[in-house]
Amino acid sequence: MRSQFYLERIPYLADLISIFFPKLCLICQQQSTLRHHGFCFACQQKLPFTNFHLTHENAFTDRFWGRIPLQAGAALFFLQKDGVVQEIVYQLKYNDRPKIGIQLGRLYGKILKNHSVFAAADLILPVPLHPSRNRKRGYNQSTQFAIGLSEILHIPVNDTALIRTIATTTQTKKTRLERFENVLSAFQVRDRIAIANKHILLVDDVLTTGATLEACATHLLEIEGVTMSMLTIAIAKS
Ligand SMILES: [Zn+2]
């Protein structure tokens, strides 16, 4: 983990640093951000929030309907092609900006804190990266998002119980079922005891088809007493 991360965990030190290096808004890069958020007030007003957490059934939970029983499911933003959320997610994943994930997690944590089943989860599990991908990127973007959520919701993160053992899967010329079985085989539960009898909050960066989240959830739901909720930073058209 980076030293940046540790600095952020010590509140007064982070505040001291921000006096000398004011944090600028992730979008406009001009205004300073709201406390512990990645955005200034004006930019935050314009973001495409889904508000999915306000309804039990929504476009997120619909994507898992009949496949995964969810206590709750929601995405923070709509992902629009060439839109600002796509750019934020790109920066988080491909431009060495792990803190964006923490900031988004904190932002979503504040939204979910007081009125949702999400806050009642026992354990946050980020969708794992294959170790080779993790080494290359230096961090798992979903773990960063999980850390931000955890700080606000006070739910522990476990990023070791579920692992990815196969890096890439070839998905061309396969049926939907073959594709799913392919993704399913890429994940394994390594620590069943840590998972058993828990309400798991599974988190990822972007929900597209849902195949990855479905594969992880399928493994986790095989364990005794597990219930499942899911959160992502964004939801794309499937
Ligand atoms: Zn701004």
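**Note on the predicted structure**

1. Eight bridges join strand β5 to strand β6 (residues 227-235), and these two strands run parallel. The model under discussion is a predicted one. Within this pairing, L201 stands opposite S229 of β6.

2. Strand β5 has a second neighbour. Strand β2 (residues 123-126) is joined to β5 by four bridges, again in a parallel arrangement. One point of reference for the reader is L123, whose bridge partner in β5 is I200.

3. The surroundings of β5 deserve attention. Strand β5 spans residues 199-207, and nine of its nine residues are buried, so the strand is largely enclosed by the rest of the structure. Burial here refers to a relative accessible area under 20%.

4. The connection from β5 to β6 passes through a helix. Together, β5, helix α11 (residues 211-221) and β6 form a β-α-β unit, and this unit is right-handed.

5. Helix α5 (84-94) precedes a loop that leads to α6 (98-112), and D96 is found in that loop. The buried residues of α5 are V85, I88, V89, Q91, L92 and K93. The elements covering these buried residues include β1 (72-78), α6, α7 (131-137), α8 (141-153), β5 and β6. Strands β5 and β6, described above as parallel partners, are thus encountered again as part of the cover of α5.

6. The backbone just after α5 should be inspected at D96, which takes a positive phi of about 55° there. D96 has this positive phi although it is not a glycine. With a relative accessible area of 43%, D96 is partly exposed.

7. Another residue with a positive phi is Q29, at about 60°, and it too is not a glycine. Q29 lies in the loop between α2 (11-20) and α3 (41-46). Its relative accessible area is 43%, and Q29 therefore counts as partly exposed, given that the partly exposed class lies between the limits of 20% and 50%.

8. The model contains a zinc ion, and its protein donors are the SG atoms of C25, C28, C40 and C43. These donors lie 2.3 to 2.4 Å from the zinc ion. The angles among the four donor atoms range from 102 to 116°, and the site is tetrahedral. Along the chain, the donors follow the spacing C-x2-C-x11-C-x2-C.

9. Are the donor residues C25 and C28 buried or partly exposed? C25 is buried, as its relative accessible area is 0%. C28, by contrast, counts as partly exposed at 24% relative accessibility.

10. Some totals place these details in the context of the whole chain. The protein chain has eleven helices and six strands. Of its 238 residues, 49% are buried. The accessible surface of the protein chain comes to about 12300 Å², and 53% of that surface belongs to carbon and sulfur atoms.

11. Contacts across the sequence complete the account. Taking the contacts in the protein chain between residues at least 6 apart in sequence, 74% join residues at least 24 apart.

Note on methods:
Residues numbered from 1 in each chain as written. Predicted model: local features only at pLDDT ≥ 70, side-chain atom pairs only at ≥ 80, totals over all residues. Heavy atoms only, no water. Donors = N, O, S within 2.8 Å, 3.2 Å for Na, K, Ca; no water. Tetrahedral: all angles 85-135°; square planar, octahedral: opposite > 155°, others 65-115°. Buried < 20%, exposed > 50% of the residue type's maximum accessible area, 1.4 Å probe, protein only. Pairing = 2+ DSSP bridges. Right-handed = clockwise from strand over helix to strand, strands pointing away. Contact = heavy atoms within 4.5 Å. Areas by Shrake-Rupley, 256 points an atom, 1.4 Å probe, with all protein chains shown as cover.
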